[in-house]
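Here is a short note to read beside the model. Please keep the sequence and the structure open while going through the points.

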Amino acid sequence: MHPLDQAHLSRLPSSVARPGYDRTRVRAGIAHIGVGGFHRAHQAIYTDRALARPGQEGWGVCGINLLPQDAAMAAAMKKQDGLYTVSEMAPDGSHVSRVVECMVEYLYAPENPEAVLAKLSHPDIRIVSLTITEGGYLLDEQGKFNRQHPTVAHDLANPGSPQGVFGFLVGALERRRKAGVKPFTVMSCDNLRHNGAQARRAVVAFARARNPELAAWIEREVAFPNGMVDRITPATDDIARQKLRELTQVDDSAPVICEDFIQWVLEDDFRNGRPEWDAVGVMFTKDVSPYEEAKIRLLNATHTMLSYPAYLAGLRKVDDALHDPLFFNYLRGFLDHDAGVWLESLPGLEIPAYKDKLLERFGNRAVGDQLARLCMDGGSKIPGFLLPTVHAILENGRPYHRIAFFLAAYDRYLKGTDEKGQLHTINEPNARHLLEPVMESNSPMTLIQLEEVVGSKISEHQGFVDLYLRLRNQIDEQGVVATLKSLDPARETPLSARA
């Protein structure tokens, strides 16, 4: 087994691809907050490609983690000098494993918040990118920033030792402003509509609470490009970690497994420079909104639609669910008759082919994505991923039986056991305070009256409420599979077209 660190980098087996640049010449020009599997399989891959081009040595990455639960990642990145392997798995079972070398520095904020502030304040850092999850921006459905969040309250009271992402971003921007250093670009890589605009809203709201003049400067001077990111990257559990070690023959404490598909569409709004990502596969566009809309309404929403029903039925892997005709047809119906109805093809993204490709990707046996991963943070995902489609369905008189079934399954999932009585962890890091009344309630109405999660239109639609309550009761009495089988195919006819 080959050790993985800078000293042993040149001795890795030839079967593990390397990017082909001199890592010792690279310095960090990007700071990335939220070093997890997705960043390391996506943005870091494009950056690794760019660093192999001449003159790109100033665009290495400084990885940063902020949370106590990131301690294991911090230990691995320090031990391995920021190196790790990515194994890209194709549906036919073939794979490519590579070592990623772009993360030339790493900082763990709980150990030394000042070091993070100092790094973000340094002129070399010209982009700060984020993967902090959909709920990490602390914005409600109306776009209002949650100033009462404990981390926000702490950081406003303790600007010299922040804990949260906005405390660090605004603290560093304030230092740069005072020192006359050009601000960095803030680049969200999370699955949010208008993720750059959402990041701007949150950063400016935090800054306004701290210093209105600073907030005005940020609004005027800091770029927040929108982007659409796409690559299925399962969590790497101990079983997968051992499998990847055997596959690569590399003793990697933090390997990544992902699909072979990768996509990034990005607005070219970088006022302090950027890597040559456009030369290595990133699509730049003036308006990323339609690409975001297509990806979120199709890929992310379909993942969410699958998650709770399949998990309750006893399935644990996404590919197993996609190879079950019942769940495959449920998702095919959602793509064709619910989410896909409102979308048009774009340059580089043909909607019919994209839908077909999604189902192929979800069914990739070599990736083996976990349903438990998809079940995380539903209270934050549902408003962004599903509600725009739900509202369009209700406003246009289209069938809503799949949505009603999904919400009935989500309400059942929030009771904390699957249909076999096995306990599961309800992982809602951002919306748990909203969902606790649902978890404790004996009434299924509690969920669909929770406007912060499901909006206000569902509870006002009596036909939807009646169907939801019937399906919720049927799930209790007959189970998810029998309930899903009972959904009437004739409902595909829009309500307004029925006699």
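1. Helices (H or I, at least four residues) and strands (E, at least two) are DSSP runs, numbered from the N terminus. Thr47 has its place in helix α2 (residues 43–51). This is a predicted model, in which local features need pLDDT of at least 70, side-chain atom pairs count only at pLDDT 80 or more, and totals for chains, interfaces and linings use all residues. Residues are numbered from 1 along each chain as its sequence is written, and side-chain values use heavy atoms, with hydrogens and water left out.

2. Is Thr47 buried or exposed? Buried means under 20% relative accessible area, exposed over 50%, and partly exposed in between (1.4 Å probe, protein chains only). With a relative accessible area of 0%, Thr47 is buried. Contact means heavy atoms within 4.5 Å. Leaving aside neighbours within four places in sequence, Thr47 is in contact with Ile30, Trp59, Val61, Cys102 and Trp277.

3. A second threonine, Thr248, is found in helix α9 (residues 238–248). Thr248 counts as buried because its relative accessibility is 2%. A polar atom of the Thr248 side chain lies 3.2 Å from the backbone nitrogen of Val250. A polar contact is a pair of N or O atoms within 3.5 Å; within protein, one must be able to donate a hydrogen and the other to accept it, and residues adjacent in sequence count only if both atoms are side-chain atoms. Outside its neighbours within four places in sequence, Thr248 is in contact with Pro13, Val16, Ser87 and Ser97.

4. Val16 also appears in a strand pairing, where it stands opposite Ser97 in β6. Two strands pair if DSSP finds at least two bridges between them. β2 and strand β6 (residues 95–100) run parallel and are joined by 2 bridges. The open sheet has 4 strands in the order β2-β6-β5-β12, with mixed pairing. β2 (16–17) and β12 (256–259) stand at the edges with a single partner strand each, so one side of each is left without a neighbour in the sheet.

5. How many disulfides does the structure hold? The number is 0, a disulfide being a pair of cysteine sulfur atoms within 2.5 Å. For Cys189, the nearest cysteine sulfur is that of Cys102, 12 Å away. For Cys258, the nearest cysteine sulfur is again that of Cys102, 14 Å away. Cys189 counts as buried at 3% relative accessibility, and Cys258 counts as buried at 0%.

6. A nonpolar core is a set of buried Ala, Val, Leu, Ile, Met, Phe, Trp, Tyr and Cys residues joined through side-chain atoms within 4.5 Å. The largest one has 80 residues, and those with the most contacts inside it are Leu306, Phe327, Leu407, Leu435 and Phe464. Helix α10 (residues 289–312) gives the largest share of this core, 12 residues. Apart from it lies another core, of 42 residues, among them Ile64, Ala109, Phe166 and Phe224. Not counting residues up to four places away in sequence, Leu407 touches Leu447, Ile448, Val454, Ile458, Phe464 and Tyr468.

7. Leu435 is buried in helix α18 (residues 432–440), as are Val438 and Met439. Seen down the axis of α18, the buried residues fall within an arc of 100°, so they line one face of the helix; the arc is that of the directions from the helix axis to the C-beta atoms. His433 and Glu440, on the other side of α18, are exposed. The cover over the buried residues of α18 includes α15 (378–385), α17 (401–413), α19 (445–448) and α20 (451–454).
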